[in-house]
Amino acid sequence: MKKYLPWILCAAFAAWFLSTLPAPGDKGLAWGGLAQVPVVNGGRHQPFESLARNALVQIRDRYSHYDLAEERTVPAVEWLAEVLFDSERASRRKVFRVDHPDLISLLKLPLKNDSKDPALREDGKHYSWGQIVTEENVASLQRESERVAGKDASHQDAFDQAVRKLSSALSLYNALQSTARPRDVRDYGQFLSQFSRSLDSGATLRETLRAKYAGKEIPKDNSDPLLRIGGQVLVGADRESETGERSTLKIPLLLPPDGTEDWSRINTRLVGIRGGEPLPRSLLAWAHLGDAFVARDTNRFNAELRDYRDWMQSTFPSELSHANHEVFFNRMAPFYAAMTIYVVALLLALAYWFSFDSWLRESSFALVGLAFAIHTVGLIYRMVLQGRPPVTNLYSSAIFIGWGAIVLGMVLERFWRNAIGLVVGSFLGFVTLVIAHNLALDGDTMEMMRAVLDTNFWLATHVVIVTLGYASTYVAGFLAIVYVVRGVFTKGLDLATRRAMARMVYGIICFATLFSFTGTVLGGIWADQSWGRFWGWDAKENGALIIVLWNALILHARWGGLVRERGIMNLAIAGNIVTSWSWFGVNMLGVGLHSYGFLNGAFQTLLYFVLSQLALIALGCLPLKWWRSFGEHSTDTIAPNAPTAGKPPLRPVRSVA
Amino acid sequence: MSTPVSPPPLVVPPAAGPVPVAGSAESRPLWKLILSPLSSLRLTVILLTFSVLVVFFGTLAQTDDGLYLAQNRYFRSWFSTWSPITEGWRWIVIPLPGGYLLGTLLLVNLVAAHATRFKFTWKKSGILLSHLGVVLLLVGQLFTDMLARESRMTFSEGEWRNYSEDFAASELAILSDAPGDQMTEVVAIPEGLLRAGGVVHHDRLPFTVRISQWMPNSEPIFRAPRATNGPPQASSPVSKHFDFLSVAETHKMDEKNIPTVVIELTDNGGKSLGIWALSVWSGEPAMAKSARTSWYKRFNRGDTSGDDSQARMMAGQLYAFLTEAQTVTVNNRAYTLTLRPRRYDQPFTLQLLKTTHEIYRGTDIPKNFQSRVLIDHPARGERREVNIYMNNPLRYGGLTYFQYQMGRDEFFSTPVAHSVLQVVQNPSWLTPYIGCALVAGGLLVQFGIHLVLFVRRRVAP
């Protein structure tokens, strides 16, 4: 039976993963269909669902919303439909996450309340637009935001950051609210037909207004529908304009290029319409969809949606198919699945060290293989969707570091079969995917590349290689941690294991040196190509340089016999600090051309990580008699000049024990 | 550390090869004796450790000092010290070796190691190759430091330039029409002399220049007709309308110092010809234009009528005051004085034909910046158009032109686009390319040999 356990486990997890792939059927409104409708935001084509998920995650830190009053989970697509079409209903959804107690009390928001009446329940963390946006609160938020804006980013405290986060969430929500129709219009179909009727034949809105009111007194009583509707359209178009004062409001583009050169926003499109001209197909579709949604007319909504999708299919097949693929990718959530399986594999591999029952190691290997396959599928799927090499931002660097660590871990495991490669690989795979998951909370992870970064050649070479350098330095560091922890706390670190681990660490550090050096210098060459400076002592460059120097230092110290087995292990653990500094630390400095993300919240995490590594190094420095693996035999231990990896030192070695 | 039962021997002979016996040192040549302490791997490790520290502290210092200052202090130096920027912790002073010192020592260490103890075998060929690459990188960086020059070329669409400008250093240029010639004669006093103060003579000038004040960074203050105005700073025309106020120097990446100098000219008889306040605010067209745009915006603020002609006129007037030519006439010859960014002339001209600034649809994320430029080089009979854009520089005449920035002058009702090119002269630009290839190739060979041996050994038993 035990012989088949690895296969059974693997099959079970594979089945679990595959079961999430088919699209769930829609019972009422066709959310699945709406999810696939293509829109443009942040400069890229994406499905409606991605717009919804990335917006909700910035506001609520989650990809869906659990509604306390309705006692159900509201998917992102449904939430965004409410925001776009029915602002009244949307303004009651408690989606804004507010954590800081001072901010909660400043805005006089209600505390936690487990009322029997679902409508009165509060969780003390999530609040609605209606609760937050009162006249008084707007004034206080405005005041606080202005104060924070005047502060240097490195001096902002937790409260300042909470203010900034809430303000940007509110402004995102505000932009979404005016994406599909003016906020308080319930019947947009009627609004549009009134608009069409009030235009002079062959004239645009502005021309009609000028012809009618040039040099005349404009009536204040709203009696003229041209003024009332036209005014709303002009105000909307002003908001949508990119050059205007309010250009921070990034309103998504819903209308595909039918009759225009490029995608457009609704009011901007309306301003260009001439009297007598039919309204664009896509604009009418969004209007009718919204009206059916407001009227809760499921049949009409689904029929409108079907029509619009059919029309998209015939007019914009590639955009629609790209959107369908991205929706599939969102549902597949390969990195989440891989993350889960890595944990199970990690636990199995750890269990193997305590029982040495070989099915545990084999199961772990099989699961790591499965998770790795899913991880790889996700990586490639992302690359195809984006048309880019694997690493384009901090988020994808985390995913790729995990991937590289797994490759190295599996190679080590193939050679040594002692579960060490599995433990280190699956641990790093899991942790980097958790980091990626947290980085994704900032919004779209497939954002467009800024001008200087817009080059697949350098992204594919410099970035990929330098990231592999990070991955291998981490693998060496975590192997060293296994050495120290097993040596100090267990009796499992026997001579054979020690020798094996010394070789692993040495080999991986050689790899790390090669990758980090080549990657760093390729970065220099890229810099020389784009601004004529091979080396500018930019913070990110320096971080990478430190990794190279550190790896070179370990190799030279070993060749010179200045350190032996334990010394190399301790230096390799310090390599974790060095790599984390380069990966995250320098981004927190907020200087240099490279710093693509300011992550103050992450600063503490980094600090704790560094402290933990220092503690491990201290552990590694304990006298051998306190190591359980050595115990009272401490004397027969690491022989002088233990042949760590078969290479004679370059010169007579002085013992520095 | 533990105490082993049998103390390990102080010197363990290497596994193979002839062992130098103690006392055989006399047989070694003197140069080896001198070099051998410099060649130790222990020194390598110490130097690498210090390198890590210097790079780390040099990076930290950038937050406060800015990139350029930190670079000069930590990397382009022989010694430095680092202190925290937080109040109350500034008493901590960490002495550090500078980049030059570390680079030199690493180089000496590496060369000494190869000279004294490194014996070439094919198994070590990778090490040799990568060390050669490291030498090339270190030396190349030193050459770059000494020989490379970065400057910028700023021009609006339609304008042409046959020079680039330094973005840090300025010069006091004294221009006059050479008699009987169509050429302009230029005497340029470099910033170093202006900073130093004192008196400057030049054979081609019929007057001496006495530097009374040097402001490394300054701001123009308009002398509104007010009773509170003190006497003007100088007797030059610009001083009727502007005082230049000295402000603190900036080290930030995205800001720049705009100096002003106050000078007095005396003729050869010792008679004063007047006092001039000369500022880069007037002497650099881009700065004067940016001042004009910000005045225009200030005058136009809060105006809802949509009519900005008044603001435009006022800003235009101030601009005219600021850029008025500052001249002095001696012996019937007019000399124009200007403080401007230091210029580097080139034997050809570039004309900016067109700028393209693409953004991703519906965002303000830049997608591409591109300048279309006409190269006109009469001496070579060359006249052709070329595109300079992101990651695609123009290499021409020993110089490299990179697309750096782009902007629009909002002062005009149809904004005029301008482009800034970074101009780099670096004769040693190829060394890192070769150095990188050598190191990467060497490491690949070395670790490849290891890997093959390792796999063979594992397969063998």
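**Reading cores, strands and loops in a two-chain model**

Trainee: How do you know that both faces of strand β1 (residues 38–41) of chain A are covered?

Mentor: Check each side. P38(A) and V40(A) sit on one side, V39(A) and N41(A) on the other, and all are buried. Buried means that 20 or more other C-beta atoms lie within 10 Å of the residue's own; 12 or fewer is exposed, in between is partly exposed, and C-beta atoms are placed from the backbone. Strands here are DSSP runs (E, at least two residues), helices likewise (H or I, at least four), numbered from the N terminus.

Mentor: Two notes first. Residues are numbered from 1 along each chain as its sequence is written, and chains are lettered from A and ligands numbered from 1 in the order written. This is a predicted model: local features need pLDDT of at least 70, side-chain atom pairs count only at pLDDT 80 or more, and totals for chains, interfaces and linings use all residues.

Trainee: What makes β1(A) and strand β2 (residues 44–47) of chain A a pair?

Mentor: Four bridges join them, antiparallel. Pairing requires that DSSP finds at least two bridges between the strands, so they qualify. N41(A) stands opposite R44(A) of β2(A). The two strands form a hairpin with two residues between them. In the turn, G42(A) has a positive phi of about 60°.

Trainee: How does strand β2 (residues 79–82) of chain B divide into a covered face and an uncovered one?

Mentor: S80(B) and W82(B) make the covered face, F79(B) and T81(B) the uncovered one. In a regular strand, side chains alternate between the two faces of the sheet. β2(B) pairs with strand β3 (residues 94–97) of chain B over four bridges, again antiparallel. W82(B) stands opposite I94(B).

Trainee: Why does W537(A) count as buried or exposed?

Mentor: Count its neighbours. W537(A) has 22 C-beta neighbours inside 10 Å, so it counts as buried. Its place is in the loop between α22 (495–531) and α23 (539–559) of chain A. Its phi is positive, about 55°, although W537(A) is not a glycine.

Trainee: And N332(B), buried or exposed?

Mentor: Exposed, because N332(B) has 6 C-beta neighbours inside 10 Å. It is found in the loop between β13 (326–330) and β14 (333–359) of chain B. Its phi is near 65°, a positive value in a residue other than glycine.

Trainee: How do you know that the span of helix α5 (residues 125–147) of chain B agrees with its number of residues?

Mentor: The expected span is 1.5 Å times one less than the number of residues. For the 23 residues of α5(B) that gives 33 Å; the end C-alpha atoms are 32 Å apart, so the two agree. The buried residues of α5(B) include G126(B), G133(B), L136(B), L137(B) and G140(B).

Trainee: What makes the largest set of 152 residues a nonpolar core?

Mentor: A nonpolar core is a set of buried Ala, Val, Leu, Ile, Met, Phe, Trp, Tyr and Cys residues joined through C-beta atoms within 7 Å. In the largest one, L367(A), V475(A), L479(A) and V505(A) touch the most other members. Helix α21 (residues 456–489) of chain A gives the most to this core, 18 residues. Apart from it lies another core, of 69 residues, among them A169(A), I229(A), Y308(A) and A323(A).

Trainee: Which residues are in contact with L367(A)?

Mentor: Contact means C-beta atoms, placed from the backbone, within 7 Å. Leaving aside neighbours within four places in sequence, L367(A) is in contact with L9(A), C10(A), F13(A), I341(A), V344(A), A345(A) and L348(A).

Trainee: How does the radius of gyration of chain B sit against that of a compact globule?

Mentor: Chain B has 30 Å, but a compact globule of 461 residues would be near 23 Å. The radius is taken over C-alpha atoms, and the globule rule is 2.2 Å times the number of residues to the power 0.38. Chain B's C-alpha trace spans about 95 × 60 × 55 Å along its principal axes.

Trainee: What are the domains of chain B, and how far apart do they lie?

Mentor: Domain 1 is 24–147 + 432–459 and domain 2 is 150–425. The bounds come from an automatic or database domain assignment. Their C-alpha centres lie 42 Å apart.

Terms used: Two residues are in contact if their C-beta atoms, placed from the backbone, lie within 7 Å.
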